[in-house]
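Student: I am new to this structure. Please take one part and look at it closely with me. Then show me how the rest connects to that part.

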Amino acid sequence: MQITASTVSLTVDDVAASQQFFTTHLDYTEQAAADGFASLTRQDGAVDIVLLARGTQVLPADQRDQHASGLILAFTTTGIEDEEKRLRAAGVDITMPLREEPWGERLFQIADPNGVIVQFVEWAAPATP
């Protein structure tokens with residue numbers, strides 16, 4: 001098997017709100033869309049995103065009413081301080097301010113209008129002894 005792409009599918013209440021959020025603030029572009037569905041991509045190595053309306057008939061019955069909860073969509077990036085400032089200035093809800101963990105991970109989180117948590121991570125250079 002050879003994997004040629006990665007996609008995360010998120011079930012949300014308002015597909016249009018999440019679609020606008022990801023295209024406006026995170027540089028995703030629409031690949032395809034229909035009522036209750038949107039497929040988004042970026043030109044870099046980020047995972048593609050499919051947004052499905054909660055209750056959609058294309059999902060198996062036991063999955064139709066589930067929300068994208070408990071999931072953190074995490075992106076490893078560079079320039080994390082500038083990215084947090086840009087998103088904050090754009091009015092994006094910063095749900096966890098930029099911080100650095102003892103093991104060198106720098107991170108912050110935002111939430112889209114449907115409560116999807118997006119985390120940005122940058123690894124600090126290890127301290128030299």
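Tutor: Here is a close look at one strand, its sheet, and then the parts around it.

The model is predicted. Start with strand β7, residues 105-111. How many of its residues are buried? Seven of seven are, and the strand is mostly covered.

Now look at which way the side chains point. In a regular strand, side chains alternate between the two faces of the sheet. On β7, Glu105, Leu107, Gln109 and Ala111 point one way. Arg106, Phe108 and Ile110 point the other way. Both sets are buried.

Next, the neighbours of β7. On one side is strand β6, residues 94-100. Four bridges join β6 to β7, and the two run antiparallel. Two positions help you find the register. Arg99 stands opposite Leu107. Met96 stands opposite Gln109. Four residues lie between β6 and β7, and the two strands form a hairpin. In that turn, Gly104 has a positive phi of about 100°.

The other neighbour is strand β8, residues 117-123. Seven bridges join β7 to β8, again antiparallel. Find Ile110 on β7; its bridge partner in β8 is Val118. This pair of strands also forms a hairpin, with five residues between them. Here the turn holds Gly115, with a positive phi of about 85°.

Step back to the sheet. It is open, has four strands, and runs in the order β5-β8-β7-β6. The pairing is mixed. Which strands stand at the edges? They are β5 and β6. Each has a single partner strand, so one side of each is left without a neighbour in the sheet. Neighbouring strands are turned by 15° against each other on average, direction ignored.

Now follow the aromatic rings. The structure holds five aromatic pairs. In one of them, the rings of Phe22 and Tyr28 have centres 5.8 Å apart and planes at 90°, so this pair is edge-to-face. Both Phe22 and Tyr28 are buried. Another pair is Phe75 with Phe120. Their centres are 6.1 Å apart, with 40° between the planes, and the pair is tilted. This pair links distant parts of the chain. Phe75 lies in strand β5 (residues 72-76) and Phe120 in strand β8, 45 residues apart.

Why do these two count as buried? Buried means under 20% relative accessible area. Phe75 counts because its relative accessibility is 13%. Phe120 counts because its value is 6%.

The rings also bring you back to β7. Ring pairs link Phe21, Phe22, Tyr28, Phe75, Phe108 and Phe120 into a cluster. Phe108 is one of the buried residues of β7.

Phe21 and Phe22 lead to helix α1, residues 15-25. Its buried residues are Val15, Ala17, Ser18, Gln19, Phe21, Phe22 and His25. At the start of α1, a side-chain oxygen of Asp14 reaches to within 3.2 Å of the backbone nitrogen of Ala16. Just after the helix, Asp27 takes a positive phi of about 60°.

Tyr28 has a further partner. Arg42 lies over the face of its ring, at 6.0 Å from the ring centre. Tyr28 is also touched by Thr41, a residue whose contacts include Asp27, Thr29, Gln31 and Asp48 as well. Thr41 lies in strand β3, residues 37-41. With 12% relative accessibility, Thr41 counts as buried. A polar contact of 2.6 Å joins its side chain to that of Asp48.

From β3, go to the sheet with the order β1-β4-β3-β2. This sheet is open, with four strands and mixed pairing. At its edges stand β1 (7-12) and β2 (29-34). Each has a single partner strand, so one side of each is left without a neighbour in the sheet. The twist averages 15° from one strand to the next. Six bridges join β1 to strand β4, residues 48-53, and these two run parallel. To see the match, find Leu10, which stands opposite Leu51 in β4.

Key. Residues numbered from 1 in each chain as written. Predicted model: local features only at pLDDT ≥ 70, side-chain atom pairs only at ≥ 80, totals over all residues. Heavy atoms only, no water. Pairing = 2+ DSSP bridges. Axes fitted to C-alpha atoms, helices over the stretch in contact; angles between N-to-C directions. Buried < 20%, exposed > 50% of the residue type's maximum accessible area, 1.4 Å probe, protein only. Polar contact = N/O pair within 3.5 Å; in protein donor to acceptor, adjacent residues only side chain to side chain. Contact = heavy atoms within 4.5 Å. Phe/Tyr/Trp six-rings, centres within 6.5 Å; stacked < 30°, edge-to-face > 60°. Lys NZ or Arg CZ within 6 Å of the ring centre and 35° of its normal. Lists of a residue's contacts leave out its neighbours within four places in sequence.
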